[in-house]
Amino acid sequence: DLKLNAGFNLIAIPLADATAEGTTEPIKKVKNLGDALGDTWSLIISLNTTAEPAKFQSFTPTTPETAVSNIDITGTTGLIVMMKQAKTLTLKGNPWPEGDIKLNPGFNLIGIPLKNESLEKVSNLSTLLGGSVNLIISLDTETGKFQSFTPTTPETAKSNIIIDGGVGLILAMRSATEISVTGEPWSNIHLAPPREPLFMLNRTISPILEL
């Protein structure tokens, strides 16, 4: 289960060729994710890594399929999804292949494609990245607020979250690096239960995320 709350969500698609219950089209692109979510979402933000420097870009229900923001979704793709109401996607699919996550200087929006015991928590990822990382940003699913973990943040901090299937992360990197990810496919995912909606989305305005 991939549970999305009302408001912002920082996610990754935990399985390859994943299909959501009630749909037949696999989630291979951003538009496929939007179709699986139905009318519950308003905005999907991804990172355009081909731009120099990398730029955040948005896809809405009215964005054409040909838009550059309709990116391919891989095991290392992170996404920010703005939801009008909570929804749970029950996904079935295949494990993502083992491989490398390439991280560029500046912002990176990623997911961890496989379950690996050495990457159980954000602090483990920070240690693995060493001096190449400045900041790891995650989403507190209880409050709906973004939170940060730095190399000097105590392991007891709330921002040292468990890295579960479906969790997206924003990494601010000092320098380019690569990490290799091996492990088991994600399964039986249990994220925090959906919150009650904190607000009603005004459809005449566009939400702004400031980093």
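This note goes through a predicted model point by point, from its overall make-up to its sheets, a helix, its salt bridges and two single residues.

1. Overall make-up. The protein contains two helices and 14 strands, and buried residues account for 45% of its 211 residues. Among the contacts with a separation of 6 or more, 72% are between residues 24 or more positions apart. The exposed area comes to about 10900 Å², of which carbon and sulfur atoms supply 50%.

2. The sheet with E2, E6, E4 and E5. Four strands make an open sheet whose order is E2-E6-E4-E5, and the pairing is antiparallel. Strand E2 (7-12) and E5 are at the edges with a single partner strand each, so one side of each has no neighbour in the sheet. Direction ignored, neighbouring strands of this sheet are turned by 25° against each other on average. Within the sheet, strand E4 (residues 41-48) pairs with E6 over four bridges in the antiparallel sense, and Ile 44 has Val 81 in E6 as its bridge partner.

3. The sheet with E10, E13, E11 and E12. A further open sheet of four strands runs in the order E10-E13-E11-E12, again with antiparallel pairing. Its edge strands are strand E10 (106-111) and E12, each of which pairs on one side only. From one strand to the next, the twist averages 25°. Five bridges join E11 and E12 in the antiparallel sense, and the bridge partner of Ile 136 in E12 is Phe 149.

4. Helix H2 and its cover. In helix H2 (residues 122-129), the buried residues are Val 122, Ser 123, Leu 125, Ser 126 and Leu 129. Viewed down the axis of H2, these buried residues fall within an arc of 160°, and they therefore line one face of the helix. The elements that cover the buried residues of H2 include strand E9 (99-103), E11, E12, E13 and strand E14 (177-181). After H2 comes Gly 130, which has a positive phi near 60°.

5. A network of salt bridges. The search of the whole structure finds five salt bridges, and a network of them links Asp 140, Glu 142 and Lys 158. Asp 140 forms a salt bridge with Lys 158, and their closest N and O atoms are 2.9 Å apart. This pair links distant parts of the chain, since Asp 140 belongs to strand E11 (residues 133-140) and Lys 158 to the loop between strand E12 (145-149) and strand E13 (168-173), with the two positions 18 residues apart. Lys 158 also forms a salt bridge with Glu 142, where the closest N and O atoms are 3.5 Å apart. Here too the pair links distant parts of the chain, with Lys 158 in the loop between E12 and E13 and Glu 142 in the loop between E11 and E12, 16 residues apart. Which of the acidic partners is buried and which is exposed? Asp 140 counts as buried because its relative accessibility is 8%, under the 20% limit, whereas Glu 142 counts as exposed because its relative accessible area of 59% is over 50%.

6. Asp 17 and its partner. Asp 17 lies in strand E3 and has a positive phi of about 50° although it is not a glycine. The side chain of Asp 17 meets that of Lys 28 in a salt bridge, at 3.6 Å from N to O. The pair links distant parts of the chain, with Asp 17 in strand E3 (residues 16-20) and Lys 28 in the loop between E3 and helix H1 (30-37), 11 residues apart. Asp 17 is partly exposed at 39% relative accessibility, and Lys 28 is partly exposed as well, with a relative accessible area of 46%.

7. Asn 70 in its loop. Is Asn 70, in the loop between strand E5 (55-59) and strand E6 (78-83), buried or exposed? Asn 70 counts as buried because its relative accessibility of 5% is under the 20% limit. When neighbours within four places in sequence are left aside, the residues in contact with Asn 70 are Lys 29, Val 30, Lys 31, Phe 59 and Glu 65.

Terms used. Residues are numbered from 1 along each chain as its sequence is written. This is a predicted model: local features need pLDDT of at least 70, side-chain atom pairs count only at pLDDT 80 or more; totals for chains, interfaces and linings use all residues. Side-chain values use heavy atoms; hydrogens and water are left out. A salt bridge is a side-chain nitrogen of Lys or Arg within 4 Å of a carboxyl oxygen of Asp or Glu. Buried means under 20% relative accessible area, exposed over 50%, partly exposed in between (1.4 Å probe, protein chains only). Two strands pair if DSSP finds at least two bridges between them. Axes are lines fitted to C-alpha atoms, for helices over the stretch in contact, and angles run from 0 to 180 degrees between N-to-C directions. Contact means heavy atoms within 4.5 Å. Accessible areas come from the Shrake-Rupley method with a 1.4 Å probe; for residues, only the protein chains shown count as cover. The arc is that of the directions from the helix axis to the C-beta atoms.
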